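Trainee: Before we start, could you show me the structure, and then tell me how each term is decided?

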Amino acid sequence: MTPTTPNDAGTPRRKIAIACQGGGSHTAFTGGVLQSLLEGLDTSRYQLHGLSGTSGGALCAAIAWYSLLLGDPGRGSQMLESFWREMSATSPPDALSNQFLVWLERSKNYLPTPELSPYQLPTAGQDFLASILKEHIDFAQLPALVKAHSPTLMAGAVNVLTGEFTVFHSHHPHPEKRISVDALLASAAIPELFRAVHIGKGIYWDGLFSENPPIRSFLSGHGSRDAKPDEIWIIQINPERQRREPQSISEIGDRRNELAGNLSLNQELFFVRQTNDWLAKGWLSADHMKHVELRFIPLETELDYPSKLDRRPDFIDELMARGRQQGKEFLRNLP
């Protein structure tokens, strides 16, 4: 991990880990938040210790992390802008395809629609995503860039056959479990849209089925307090609360998706909160354990599930703008 260095006043900087929840196109909001954090974080007070993410959150986290390895967070902000611009459905055929896919998803509750396995379709979507990732991250360069003291990156996925939760880790001792383009594709392999990703002997689906996003891994497996972050900032895509009871089929489906997306997140947060509580009560040794502050940057916009598939340029731009605004407000309100 990056060694903690004091600021000009001699006070150690707070080590920060950023965890990015998955949520398809909604994670353009995450891209906007990360832009503000990369550009505006007071590095005399805070030190980015690591990032984690699942699905679209993992893709955004990976680009931000790569810019930290290059020592150029400002470039990370530019790359996030470029990544989402290229992900947007701008060409007429792509725009038409995007419109049809979103319409099809919204029509499932009212019309009989055909169900096709991704194994019956070409892999164009995954290939397109892989090509964009490779444009923004030089994966061949990573072994030379990742040092023992470099910030960490973790991407959540699940082994389809064993059900085992898998975290691809930038510092993993086994090469096949380190960060690669396939690892990021595995974290984003929504089974209704993409084929499972084969890495070594494992076959992987989207991390939404495991840790969304990985959080406890920032704390477990480390023998010293200094190896753990002081704070974890969670960029949360799925809302915890709704204002009224879902009654229509579409409302029920949307709420089910939100609750499912938050299920694993809340399990991860329970681990941290329980540890904090036991420390406060003196039930755990403080020699290697520490209190970890949890802070949230939520997407405070009511959106339905089909819009997670929507790549309209104006929709992506709006989400990124909201993310930038939320990120700036979050930094202004830090104690």
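Mentor: A disulfide is a pair of cysteine sulfur atoms within 2.5 Å. This is a predicted model, in which local features need pLDDT of at least 70 and side-chain atom pairs count only at pLDDT 80 or more, while totals for chains, interfaces and linings use all residues. Residues are numbered from 1 along each chain as its sequence is written, and side-chain values use heavy atoms, with hydrogens and water left out.

Trainee: How many disulfides does a search of the whole structure find?

Mentor: Zero. Cys20 is in no disulfide, and the nearest cysteine sulfur, that of Cys60, is 6.9 Å away.

Trainee: Why is there no bond from Cys60 to the closest cysteine sulfur?

Mentor: The closest sulfur is that of Cys20, and 6.9 Å is too far for a bond.

Trainee: What makes Cys20 count as buried?

Mentor: Buried means under 20% relative accessible area, exposed over 50%, and partly exposed in between, with a 1.4 Å probe and protein chains only. Cys20 has 0% relative accessibility, so Cys20 counts as buried. Cys60 is buried too, its relative accessible area being 0%.

Trainee: Why is strand β4 called largely enclosed?

Mentor: Helices (H or I, at least four residues) and strands (E, at least two) are DSSP runs, numbered from the N terminus. Strand β4 covers residues 165-169, and four of its five residues are buried, so the rest of the structure largely encloses it.

Trainee: In which sense do β3 and β4 pair?

Mentor: Two strands pair if DSSP finds at least two bridges between them. Strand β3 (residues 152-159) and β4 have five bridges, in the antiparallel sense. Ala157 stands opposite Thr166 in β4. The two strands form a hairpin with five residues between them, and Gly163 in the turn has a positive phi of about 75°.

Trainee: How does the reach of helix α9 fit the expected value?

Mentor: The expected span is 1.5 Å times one less than the number of residues. Helix α9 (residues 313-332) has 20 residues and reaches 29 Å from its first C-alpha to its last, close to the expected 28 Å.

Trainee: Which residues of α9 are buried?

Mentor: Among them are Phe315, Ile316, Leu319 and Phe330. The buried residues cover an arc of only 130° around the axis, which puts them on the same side of α9. The arc is that of the directions from the helix axis to the C-beta atoms.
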